[in-house]
Amino acid sequence: MNHHLRILDAAVAGLLRCRTKTLVVVAVYSLLIALLASLLLYVKTLRGESQRLLATSPEIVVQRLRGGRHELVPVAWADAIRSIRGVGGVTPRVWGYVYDVPTGANLTFWGADSVPPDSLEIHDGETIGPDSPGTCMVGQGVADMRFLGVGDRLPLKAADGSLFAPRVIGIFTADSALLTNDLVVMSTADLRRLFGMAPEIATDLAVEVYNPAEVDTVARKIQDSWPDVRTVTRRQLLQTYDAVFDWRGGIWAALLLSTVLAFAVLVWDRATGLSAEEYRSIGILKAVGWTSREVLELKLFEGVIVSAASLLTGLIAAQLHLVVLDGVLFARVLRGWSVLFPAFETAPAIDAYTLMVCLPLAVIPYVVASVVPAWRASITDPDSIIRS
Amino acid sequence: MTARRRFVASPGRLALAALALELAVCLVLALAGAADRRDSEEDRDRIRRLAARLQLTGLTLWSSASYCRHPSQADVFSAHGEHPAAPDHFPEGSIVSPPSGNPAGASRTWGASQP
């Protein structure tokens, strides 16, 4: 054991002799690993949140299409769908978008007859009830952007051009921002008035199915009955988010991976050509009695120390980047032009997938690049190395 | 030579100690994250109840265009690009994945398999 520790001492002393080179390699490697790991963890967090939070979304959403475009659905269809065996309930949903000119944000307006009180921040003494006319509940992002508090009014222009200013009776809690940040919830009757929608039509229909195994069958029956509808099942909805995050994460991972690989090639190129000084030091070690195995062990230790330090520093930096700096390096790109991006907290996480992606990239190229040229030098006659 | 002196005089031992410290920080962060997620499970249940009550079907991540705000509920072509992944007015619209499966199918959801 002491023998190996002495070789380790020699390896670290060797790294410290070229401390600038060692520090630059560790710093650049750590930065690349930090970027890659934080991207993987960020996308994984978003994918996990979408799967968890949307797990209670409707089993089937029925939308009508006309000319390939979304069309409003007759509410009367709900009764016919309800009569399909296996269907538990059908709820006409009324929702849509309003472009908010003062802020440049696109707000989502949602009609609802009730909201769980524990999802709102309300002042003492306030009562909530969206079915009471002229009231609304807004997401944290809407409240911040329009400087709204409970009791304030949100002036809106209705479809007929008249002013409609519902009073804010509650603000959704910040921890639900991923679902409610740009949301304005009001009674369905008020929303119909705002959008100019007649009571006999709805945006789409949410269908509840008793047995999850029958969802596809029910969806097919609905499509058979109304050729101009499309159905979106919960499974498809979740798969959509999976695909979007895979696509986005994949693009950035591909870009970052190419950078990591380019750096690995650079390191390889640098390490495979031993400098004259390194070559001579191997020769001296051999001349004073070191075996080839010990020289290889020395170089292996050098490679492992540099790559392990880079990997661990990179992983820690990734957590700090996500948790403390909110992923500032790529959040802007992931946000796109969204004016109302939800502030959501990322908990630190180090998972097997991230490790399995980062470990080979950080460790294998540098260790191999350190050991292979040293092996070539260590099997050469020490006398000829020193003289050369 | 005392154990402390031996430790300080050995750069190898110091390097191992530094690596062990970094590993410990990683483990502490992983454990703290796991505890944080466990603690927020109650909040998540509350949010899930809200999503179920309102029958929400999208995250509020990208609100600049309707087809980005509710990617599973929107038309399968975008406002300016006419098809997903085309150069688009909104940067996020350009990198939404194209639909898989038969694009002419009645039930079309991006990235989802056809029933």
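This passage describes the contact between chains A and B in a predicted model, together with its confidence and one bent helix.

Local features were considered only at pLDDT of at least 70 and side-chain atom pairs only at pLDDT 80 or more, whereas totals for chains, interfaces and linings use all residues. Residues are numbered from 1 along each chain as its sequence is written, and chains are lettered from A in the order in which they are written.

The predictor assigns the complex an ipTM of 0.73 and a pTM of 0.76. For chain B, the mean pLDDT (the predictor's confidence in each residue, from 0 to 100) is 70, and 57% of its residues reach 70 or more. Within chain B, confidence is highest in α2(B), at a mean of 89, and lowest in α5(B), at 58. Two stretches of chain B stay under 50 in pLDDT: residues 78–87, with 27 contacts beyond four places in sequence, and residues 101–115, with 42 such contacts.

The contact between the chains (C-beta atoms, placed from the backbone, within 7 Å) involves 78 residues of chain A and 56 of chain B. On the chain B side, at least two residues each come from the helices (DSSP runs of H or I, at least four residues, numbered from the N terminus) α2 (11–39), α3 (41–54), α4 (66–69) and α5 (91–94). The greatest contribution, 15 residues, is that of α2(B). By class, this side comprises 27 nonpolar (Ala, Val, Leu, Ile, Met, Phe, Trp, Tyr, Cys and Pro), 14 charged (Asp, Glu, Lys and Arg) and 15 polar residues (the others, Gly among them).

The axes of α1(A) (residues 2–17) and α2(B), which are lines fitted to C-alpha atoms over the stretch in contact, with angles running from 0 to 180 degrees between N-to-C directions, come within 7 Å and cross at roughly 80 degrees. The two helices are therefore roughly perpendicular (65 to 115 degrees). Residues of α1(A) including A:L5, A:L8 and A:L16 meet B:P11, B:G12, B:R13 and B:A15 of α2(B).

In chain A, α12(A) bends by about 30 degrees at A:L359 (the angle between axes fitted to the seven residues ending there and the seven starting there), and a proline, A:P360, follows within four residues.

Technical notes. Angles under 35 degrees count as roughly parallel, over 145 as roughly antiparallel, 65 to 115 as roughly perpendicular and the rest as oblique.
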